[in-house]
Amino acid sequence: MRPVGYAYLHEHLALGVCPPIYPARVRPVTRIMSMEKEIAVPAVRAPETSLLDHLLFALKHEGIDLAILAGALPHLPIEALQNALQASPNGIYLRKLGYLYEAFVKRLPFDVNVSGRAVPLFDPVRYVTGPAVRDSRWRIDFNGLGTLDYCATVRRTPEIDGLLEEDILTQAATFMASLPPGMLDRAIQWAYLSETQSSFAIERESPSQDKQQRFMQLLRQAHEGKRLTEAYFVELQNSTISNPFDKAMAFRHEQNYLHNGLPGALGVSYLPPPPDLCNKLMGALMTWANQLPDSDSSEAVPALVASAILSFGFVFLHPFMDGNGRISRFLIHHTLCRMDGLPHDNLLPISVAMRRYEADYLAALEAFSRPAREHWRVSWVDADQYDFEYLGLDALYRYWDATNAVAFTLKMAKVALEEELKAETRYLACFDRVYAAVDANFDIRGGDLARLVMMCLSNEGRLSNNRRKQFRYQVSEEVLDAIEAEAQNVLEEYKNP
């Protein structure tokens, strides 16, 4: 079935950007319908071959795809756009087209007489949007998640709307505030340690004690809310890398790539943008991040949405030859802190959740990296030497769909709160109860008691025969039985509150 709208523009013009996620195609239907994987269009409603008609159809029925628009608009004859605007100068979709034409191509060589009400570029019903900046010539409010130099798109889905409605950060702050100070301090210490270990584990790395300590200190620096600059990113990269030969002095000036272990060109699984483009886009990404209003502002982007865009956007740009993954996860915490999403020194162990859901993490990354890889020609020379030729448009990396990244980050924040942080505080509460009860009735060395209680709680309230043998010359059977009995009682209470 023939393509329509963005799918037609992408195929007909052979645009070097990602194809539309939900392509529109002519199908035997009676009305335009959103299906599971495409938009079905009746033949009578489908444009024929006019680029202008396909562009207007796409804007009206498919929303905003900045990458395809940036690639297609240079092919649009000015005369066709001029004639359409003269006939209908206040048409919403024509105004959007004129606005984007001037943003992506050049200023139109004729006057426009727009008198209609101002309209948002991104429909807030269909998209998560940012602060609006009005263009007075076209009376269009740019409200994207970024700028026209670099912009992510987040489609509203039932999952994203539901998770945003839950307001996970407020739940987290309320929960942390409800904990006794001593309990909160221990839970946060656990969170910092576990977040550090998980961030390294995602990259299959076992850090030294010194490396682990440096990254924990880095996480605490997130609360300083520093502006994002190249110098600050270099500082972060140097803090996460121990090999002096891998430490950067600036954003990269050579092409890097990710490897999946397969031989030859097949082993190159992802290529970030060429160095010059990478540097430009990092500048645009930092500019947007530094201008984000805090979470109390009426125009604020939800902090978890902003953190997802910055984290995934950074790793897709890959501005360093090494250390990008850990910095990208650090950026989640940096953004939450900078936007006042969490109280000072508090932390959600999101990397711990990511580690648990690694397959989903990989899927969120590959939603962009797989189609982007198709726009590179890779030739294997020998050993680890390759020739890389980028065949796509700048717009591929400049404008990307962050829907999967945002949905994943929101889900991980919820998991970090419900399945990690709350679980750890329940464990600490159980430990305190068991320890205090046994310590009140028996004289046992504190270190031995603490170890036994931890072992018992981690084994569903039972001490194995091996553990009993291990401590048989230090602790009596009566004490071991008491630890088990108290642990089982406490675990049952927390299981059925």
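**Aromatic pairs.** I started with the rings in this predicted model and got a count of 23 aromatic pairs. I picked Tyr361 and Phe408 to look at properly: the ring centres are 5.4 Å apart and the planes sit at 0°. Planes under 30 degrees apart count as stacked, so I noted this pair as stacked.

Which helices do the two rings come from? Tyr361 is in helix H15 (residues 358–373) and Phe408 in helix H17 (residues 403–441). The pair therefore ties together parts that are 47 residues apart in sequence.

Buried or exposed, I asked myself for Tyr361 and then for Phe408? Tyr361 has a relative accessible area of 8%, and Phe408 comes out at 5%. The cut-off for buried is under 20%, so I put down Tyr361 as buried and Phe408 as buried too.

I then checked what else these rings belong to. Tyr361 and Phe408 are part of one aromatic cluster, together with Tyr270, Phe312, Phe316, Phe368, Trp376, Tyr390, Tyr397 and Trp400.

**Charges over rings.** I looked up two cases here. Arg220 lies over the face of Tyr192, 3.9 Å from the ring centre. For Lys422, I found the charged end over the ring of Phe175, at 5.4 Å from its centre.

**The S12–S13 hairpin.** Two members of that cluster, Trp376 and Tyr390, took me to the next stop: strand S12 covers residues 376–382 and strand S13 residues 385–390. S12 and S13 pair in the antiparallel sense, over 6 bridges. I traced one of the partners: Ser379 is bridged to Asp387 in S13. The two strands make a hairpin with 2 residues between them. In the turn I noted Ala383, which has a positive phi of about 45°.

**An open sheet.** Next I went through a sheet of 3 strands, which is open, has mixed pairing and runs in the order S5-S7-S6. Its edge strands are S5 (119–120) and S6 (133–135), each pairing on one side only. S6 pairs with strand S7 (residues 140–142) in the antiparallel sense, over 3 bridges. Within that, I found Val133 opposite Phe142 of S7.

**H2 against H5.** Last, I checked a helix pair. The axes of helix H2 (residues 51–61) and helix H5 (residues 92–104) come within 10 Å and cross at roughly 110°. The range 65 to 115 counts as roughly perpendicular, so that is what I wrote for H2 and H5. Which residues make the contact? From H2 I listed Leu52, Leu55, Leu56, Leu59 and Lys60, and from H5 Tyr93, Leu94, Lys96 and Leu97.

How values were computed:
Residues numbered from 1 in each chain as written. Predicted model: local features only at pLDDT ≥ 70, side-chain atom pairs only at ≥ 80, totals over all residues. Heavy atoms only, no water. Pairing = 2+ DSSP bridges. Helix = DSSP H or I, 4+ residues; strand = E, 2+ residues; numbered from the N terminus. Phe/Tyr/Trp six-rings, centres within 6.5 Å; stacked < 30°, edge-to-face > 60°. Buried < 20%, exposed > 50% of the residue type's maximum accessible area, 1.4 Å probe, protein only. Lys NZ or Arg CZ within 6 Å of the ring centre and 35° of its normal. Axes fitted to C-alpha atoms, helices over the stretch in contact; angles between N-to-C directions. Parallel < 35°, antiparallel > 145°, perpendicular 65-115°, else oblique. Contact = heavy atoms within 4.5 Å.
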